Amino acid sequence: MSYQVGPAEQIPEGEALLVDSSDSGAAEDIAIFHAEDGNFYALQDECTHETASLADGWIDGTEVECPLHSATFCLKTGKALCMPATVDARTYKVEVVDGQLELDI
């Protein structure tokens, strides 16, 4: 199933957008990141270590740091890169089609 998020330009490079599950129909909230490499990536929004929004985290290159305990995740793969997170984050496919973000859920 595909969800139309809106214009890609709504997410500046180095920022994230929270897609609420009640809007998208997904089983969980999803964070879409516009990474510093210019690409868009999507991960489950909730940190796998403890309840915190990854959309509120800090983007560095193609990684996001959780705002609560500084766990870091790879935006490309969802891999947990450092403690305290030991469980990888789920990834979602997101692409730009005619300037619009489309999220596969």
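A residue counts as buried when its relative accessible area is under 20%, as exposed when that area is over 50%, and as partly exposed in between, with a 1.4 Å probe and protein chains only. The model is predicted, so that local features need pLDDT of at least 70 and side-chain atom pairs count only at pLDDT 80 or more, while totals for chains, interfaces and linings use all residues. Residues are numbered from 1 along each chain as its sequence is written, and side-chain values use heavy atoms, with hydrogens and water left out.

**Exercise 1. Determine which residues of β3 are buried on each of its two faces.**

Step 1. Strands are DSSP runs of E of at least two residues, numbered from the N terminus, and β3 covers residues 30-34.

Step 2. In a regular strand, side chains alternate between the two faces of the sheet.

Step 3. On one side of β3 lie Ile30, Ile32 and His34, on the other Ala31 and Phe33, and all of these are buried.

**Exercise 2. Identify the strands that pair with β3, and describe the turn of its hairpin with β4.**

Step 1. Two strands pair if DSSP finds at least two bridges between them.

Step 2. Strand β2 (residues 16-19) runs antiparallel to β3 and is joined to it by four bridges, with Val19 partnered by Ile30.

Step 3. The pairing of β3 with β4 is also antiparallel and has five bridges; here Ala31 has Leu43 as its bridge partner.

Step 4. Five residues separate β3 from β4 in their hairpin, and Gly38 in the turn has a positive phi of about 90°.

**Exercise 3. Work out the order of strands in the open sheet that contains β10, and find its edges.**

Step 1. Strand β1 (residues 2-7) is joined to β10 (residues 100-104) by five antiparallel bridges, one of which can be located through Tyr3 and its partner Leu103.

Step 2. Strand β9 (residues 94-97) pairs antiparallel with β10 over four bridges, and Val94 stands opposite Leu103.

Step 3. The order of this three-stranded open sheet is therefore β1-β10-β9, and β1 and β9 stand at the edges, each with a single partner strand, so one side of each has no neighbour in the sheet.

**Exercise 4. Find the residues that touch the most other members of the largest nonpolar core.**

Step 1. Such a core is a set of buried Ala, Val, Leu, Ile, Met, Phe, Trp, Tyr and Cys residues joined through side-chain atoms within 4.5 Å.

Step 2. Of its 18 residues, Phe33, Leu43, Cys47, Leu54, Phe73 and Leu75 touch the most other members, and β3 and β4 each supply at least two residues.
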